[in-house]
Amino acid sequence: MGLFDKLKGKKESVDWSDAYNATPKFYGKPDGSPFGAIALTEGTKTVLPKNPQLEYKVDGKSVAEWKLVLVSTSKDTIIGDADYFVALKKVEQYSLDTNKNAILVKELSLVELESLKE
C-alpha cells in the first residue's frame with residue numbers, strides 16, 4: 001500500500017482466515033428459555049457475529065438472550081461474562097476489521113479481556 005492509498009483512505013486488507021470463528025453454545029435458563037453464549041478467549045484472534053440472534057435458532061425459535069463469555073488462558077478459567085451486545089460495543093475498540101455480519105477482534109491481553117466485563 002502506497003502513500004497515496006493511505007491518503008485516499010484505502011484500508012489494508014486484513015487476513016480473516018487465521019482467526020477463530022466463534023460459534024454459540026446454548027443453555028437453558030431456570031424458566032426453560034434458552035440463551036446463547038459465545039466465548040472470547042485471551043490471546044486468540046476471533047471472528048464474532050454481529051447479530052447472532054438472526055443467524056442461530058434453537059428448535060426453530062429465536063434466542064433473545066446472548067452472553068459473551070470471557071475466557072483467560074493465562075488463568076485457565078472463565079473470568080466473567082457480559083451481555084453480548086453491550087460487550088460487542090466495547091470490543092469494537094479492539095477490532096482489526098468488520099463486515100456486514102461480523103467483527104474481527106485482535107488477540108486480546110488479559111487486561112483488555114477484563115475491561116469487557118460488566
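Between which two strands is the loop that holds Asp76? The points below come to this after the sheet; the model is a predicted one.

1. The sheet. Strands S2, S3, S7 and S8 make up an open sheet, and that is also their order across it. The pairing in this four-stranded sheet is mixed. Strands of a sheet pair through backbone hydrogen bonds, in either a parallel or an antiparallel way.

2. The edges. S2, residues 25-28, and S8, residues 77-83, are the edge strands. Each has a single partner strand, so one side of S2 and one side of S8 have no neighbour in the sheet. From one strand to the next, the twist averages 35°.

3. The S2-S3 pair. Strand S3 covers residues 34-41 and runs antiparallel to S2, with four bridges joining the two. Within the sheet, Lys25 stands opposite Ala37 of S3.

4. Asp76. To return to the opening question, Asp76 lies in the loop between strand S7, residues 65-72, and strand S8. Its phi is positive, about 55°, although Asp76 is not a glycine. With a relative accessibility of 69%, Asp76 counts as exposed, because the cut-off for that class is over 50%.

5. Asp59. A positive phi also occurs at Asp59, again a residue other than glycine, with a value near 50°. Asp59 sits in the loop that lies between strand S5 (57-58) and strand S6 (61-62). Is Asp59 buried or exposed? The relative accessible area of Asp59 is 76%, so Asp59 is exposed.

Technical notes
Residues are numbered from 1 along each chain as its sequence is written. This is a predicted model: local features need pLDDT of at least 70, side-chain atom pairs count only at pLDDT 80 or more; totals for chains, interfaces and linings use all residues. Side-chain values use heavy atoms; hydrogens and water are left out. Two strands pair if DSSP finds at least two bridges between them. Axes are lines fitted to C-alpha atoms, for helices over the stretch in contact, and angles run from 0 to 180 degrees between N-to-C directions. Buried means under 20% relative accessible area, exposed over 50%, partly exposed in between (1.4 Å probe, protein chains only).
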